[in-house]
Amino acid sequence: MKRETLSLYFIMGSNNTSEDPLIVLEQAIMGGVTCFQYREKGSGALTGIEKEKLGRELMSVCRKYQVPFIVNDDVDLAIKLKADGVHTGQDDQPLEEVKKMIPSSMITGVSAKTLDEAREAEKQGADYIGVGPMFATKTKEDAEAPVGPSTIQQLRRQKITLPIVGIGGIEVGNAQQVIDAGADGISLISAISQAKDPEQAARLLRESISF
Ligand code: 3NM
């Protein structure tokens, strides 16, 4: 995948916003979001047919603007929707198994924050890794302590060349630190999903980083 696709990577599920997620996503894309992940997790998250329906609708917004649509964790849903990609965590199905289930064209992302995890992701053919939490976050209920941008710097020093996105607590004021550490992009939920004006929030985030 092109590294630029990861530059402003927006993640959202129905419980990350009090507005209509379809409108939030469209506005975010207008503001410059380059990649989207559908992450339906945590309290009040949709399941079953409702989860699928919202996924389908969000994907059609992405398609309209040719922004890749990636499904978090739910490999079956990614396959069913013909999503552009799937993102898995360390506690989810191993990428090796996921790869056997999905079309070879599908983008695969993995959460990895240690050198071993990053090397394993690379070995198993991940297209990118997500490293976090960069900073304190209230969005993920089971988030661990922040590891900071220096973690990305260390992975780069250890010759991890995979595309990397930083995640967790990223906002306008700290985004460039993540890029300076060696990331190809910033991924975030609340800085856009909770913003009064998601389009403007996305634009300011995009403008706050340079490579
Ligand atoms: N994963 P916000 S942190 C989904 O560290 C997620 O792997 C994380 O939300 C990780 O941008 C996180 O609102 C939450 O902080 C990101």
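**Exercise 1. Determine how strand 1 is joined to strand 2, and which residue of strand 2 stands opposite Phe-10.**

Solution. Begin with the pairing itself: strand 1 and strand 2 (residues 35-38) run parallel and are joined by four bridges, where two strands are said to pair if DSSP finds at least two bridges between them. The strands and helices named here are DSSP runs numbered from the N terminus, with at least four residues of H or I for a helix and at least two of E for a strand. Within this pair, the residue opposite Phe-10 is Phe-36 of strand 2.

Before going on, note that this is a predicted model, in which local features need pLDDT of at least 70 and side-chain atom pairs count only at pLDDT 80 or more, while totals for chains, interfaces and linings use all residues. Residues are numbered from 1 along each chain as its sequence is written.

**Exercise 2. Trace the order in which the eight strands close into a barrel, and describe the pairings made by strand 8.**

Solution. First, the order around the barrel is 1-2-3-4-5-6-7-8, with parallel pairing. From one strand to the next the twist averages 25°, taken between axes that are lines fitted to C-alpha atoms (for helices over the stretch in contact), with angles from 0 to 180 degrees between N-to-C directions.

Next, take strand 8 (residues 185-188), which pairs with strand 7 (residues 164-167) in the parallel sense over three bridges. In this pair Val-165 stands opposite Gly-185, and Gly-166 has Ile-186 as its bridge partner.

Finally, strand 8 also pairs with strand 1, again in the parallel sense and over three bridges, and here Tyr-9 stands opposite Ser-187.

**Exercise 3. Decide whether strand 1 is enclosed or open, and examine both faces of strand 8 in turn.**

Solution. The criterion is a count: a residue is buried if 20 or more other C-beta atoms, placed from the backbone, lie within 10 Å of its own, exposed if 12 or fewer do, and partly exposed in between. Strand 1 is largely enclosed by the rest of the structure, because five of its five residues are buried. Taken face by face, Leu-8, Phe-10 and Met-12 lie on one side and Tyr-9 and Ile-11 on the other, and both sides are covered. In strand 8 both faces are likewise covered, with Gly-185 and Ser-187 buried on one side and Ile-186 and Leu-188 buried on the other.

**Exercise 4. Identify the residues that touch the most other members of the largest nonpolar core, and list the contacts of Phe-36.**

Solution. A nonpolar core is a set of buried Ala, Val, Leu, Ile, Met, Phe, Trp, Tyr and Cys residues joined through C-beta atoms within 7 Å. The largest one has 56 residues, of which Phe-10, Phe-36, Ile-129, Ile-186 and Leu-188 touch the most other members. Its largest share, five residues, comes from strand 1 (residues 8-12).

For Phe-36, contact requires that the two C-beta atoms, placed from the backbone, lie within 7 Å. Leaving aside residues up to four places away in sequence, Phe-36 touches Phe-10, Leu-25, Cys-62, Val-67, Pro-68, Phe-69 and Ile-70.

**Exercise 5. Place Leu-22 and Glu-57, and classify each as buried, partly exposed or exposed.**

Solution. Leu-22 lies in helix 1 (residues 21-30), whereas Glu-57 belongs to helix 2 (residues 48-64). Leu-22 counts as partly exposed because it has 13 C-beta neighbours inside 10 Å; Glu-57, with 14 other C-beta atoms within 10 Å, is therefore partly exposed. Apart from residues up to four places away in sequence, Leu-22 touches Glu-57, Leu-58 and Val-61.

**Exercise 6. Locate the cis peptide bond and the loop that holds Pro-133, then describe Gln-66 and Lys-159.**

Solution. The cis peptide bond joins Gly-132 and Pro-133, with omega about 0°, and Pro-133 lies in the loop between strand 6 (128-131) and helix 6 (150-157).

Gln-66 is a residue other than glycine with a positive phi, near 55°; it sits in the loop between helix 2 and strand 3 (69-72) and is exposed, because only 8 other C-beta atoms lie within 10 Å. Lys-159 also has a positive phi, near 70°, and is found in the loop between helix 6 and strand 7, where it is exposed with 10 other C-beta atoms within 10 Å.
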